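Please look over the model below before reading on. The paragraphs that follow start from one pair of strands and then widen the view.

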Amino acid sequence: MSLRSIIITAALSVAASTCAAAGFGTPVLSSMAEAMRLTSVATLPADTTMLLSGAVNGRTVKVRTDSNGSIGHIGYPLFSPEVAKALHNPRLTDFVERYLLQLDLRLNDISPARQMDADQVVIIDGELPMLSSLTEETPVSIRKIARRSFMISWQLPAGNLTLSVPADCQLLLGANAPQLEEMLIASLARTHEPAPRDFSQLLADTGHTPPVALAGNNGTVILEGNPYLSDLIRSDIYIADTPEGMRLYANPANPSRTIPNIMLTGEAGRPLQVELTVDRYGHRSERIDTTLGKFLSFCRTEGCEFYFGIKAIDKEKLSGTLFALNNDMAYNHVLSVEFPLSILQGATHPIKAVLYAYIPLQNVTERFFNQSISPKPQTEKQE
């Protein structure tokens, strides 16, 4: 369904009777809806935006449902669709819209200044009251300081206003570590096995374009990507020339090329089962069953790019680490895997993996590449 906008000009008490959803993307959205008394059992269609005129302090509030029909965003409309697209960071623009509304709602009876201090959101230029003057028409720009913060600057008649927002995925996504883990597990359960993709689309999903011709060793060539953390962790893809044309390289006799291809694209000719242990906050772990294709599809939906490194290889398995990097939101999903070589011969053994989810970029080091695949058996939670 295409995005639809419904302009509501009635008072909030009237609009609330039509604005609710079956669920909320995060607990903070639920708290915001409760504070605004959006408590009706009626539902908005999926992928719909509603504008509530004069909802909070006389200002319009935007409510948007996601593809599942849950409320995925509540905030002041501060970025037009065109401006948000040009800024190339929809989750950051969503955060700014939501956060400024949160400050006005005072969910925990905390003043805006105290809340910003606790969240380390700092006004670099301008004054706090200037936040109430922002609209979609206010000129805005965003600058990213890698792994540290985002600088959002507006040009107002009263002068420039600049916010420094830390690159903290929990703050930006509006959920703490346990909540993010719960959301990831629920999202994986809803994710479908991706449909088969053609060769060009497979390469496009990894940031590569097909070469015009191949001139590699024995009909193969490396499409060089970028390193991440070290030269051992890369986004390189191997391709081969066949009578049917160019395709991903796949040779059971050469797992050190074949398995990285599979881990970066999910392409194996069939769904590959994954016994996934989610390393959870509070020294817990939880086992779930999924597929490699579903995990990669979930990460792509979040806007992640992939890097893979081989830790070790023997006669039975290859051990490695897949990094799903989200530069826009400054976090990684880190997947440590043991890939049975027999899978390349058609066996149905599962890949064993441990997932460290939503790791802030400033906390990502090569230690994740060197960690053992072993979960925490004494605290593992089976469901």
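In this predicted model, strand 7 (residues 149–156) and strand 8 (residues 159–166) run antiparallel and are joined by 8 bridges. Within this pairing, Trp154 has Leu161 of strand 8 opposite to it. Strands of a sheet pair through backbone hydrogen bonds, in a parallel or an antiparallel manner.

Strands 7 and 8 belong to an open sheet of 4 strands in the order 5-8-7-6, with antiparallel pairing. The edges are taken by strand 5 (122–125) and strand 6 (140–145); each has a single partner strand, so one side of each is left without a neighbour in the sheet. On average, and with direction ignored, neighbouring strands of this sheet are turned by 25° against each other.

Helix 4 (residues 90–105) lies across strand 6, strand 7 and strand 8, and it runs at about 65° to strand 7. Helix 4 also holds both Phe95 and Tyr99, which are 4 residues apart, about one turn of the helix.

The aromatic pairs come next. A pair of aromatic rings is described by the distance of the centres and the angle of the planes. The count of such pairs comes to 4. For Phe95 and Tyr99, the ring centres are 5.1 Å apart and the planes stand at 25°, so this pair is stacked. Phe95 and Tyr99 are both buried. The rings of Tyr331 and Tyr358 have centres 4.9 Å apart and planes at 50°, so this pair is tilted. Tyr331 lies in strand 18 (residues 331–340) and Tyr358 in strand 19 (residues 351–360); the two are 27 residues apart, and the pair links distant parts of the chain. Both of these tyrosines, Tyr331 and Tyr358, are buried. In addition, ring pairs link Tyr228, Tyr307 and Phe323 into a cluster.

Why does Cys299 form no bond with Cys304? The sulfur of Cys304 is the closest cysteine sulfur to that of Cys299, but the distance is 4.9 Å, too far for a bond, because a disulfide needs the sulfur atoms within 2.5 Å. The structure holds 0 disulfides. Cys299 has 0% relative accessibility and counts as buried; Cys304, at 7%, also counts as buried.

For the protein chain as a whole, the secondary structure comes to 11 helices and 20 strands. Of its 383 residues, 48% count as buried. Among contacts with a separation of 6 or more, 56% are between residues 24 or more positions apart. The accessible surface comes to about 18500 Å², and carbon and sulfur atoms account for 50% of it.

Methods. Residues are numbered from 1 along each chain as its sequence is written. This is a predicted model: local features need pLDDT of at least 70, side-chain atom pairs count only at pLDDT 80 or more; totals for chains, interfaces and linings use all residues. Side-chain values use heavy atoms; hydrogens and water are left out. Buried means under 20% relative accessible area, exposed over 50%, partly exposed in between (1.4 Å probe, protein chains only). Contact means heavy atoms within 4.5 Å. Accessible areas come from the Shrake-Rupley method with a 1.4 Å probe; for residues, only the protein chains shown count as cover. Two strands pair if DSSP finds at least two bridges between them. Axes are lines fitted to C-alpha atoms, for helices over the stretch in contact, and angles run from 0 to 180 degrees between N-to-C directions. Rings of Phe, Tyr and Trp (its six-membered ring) pair if their centres lie within 6.5 Å; planes under 30 degrees apart count as stacked, over 60 as edge-to-face and the rest as tilted.
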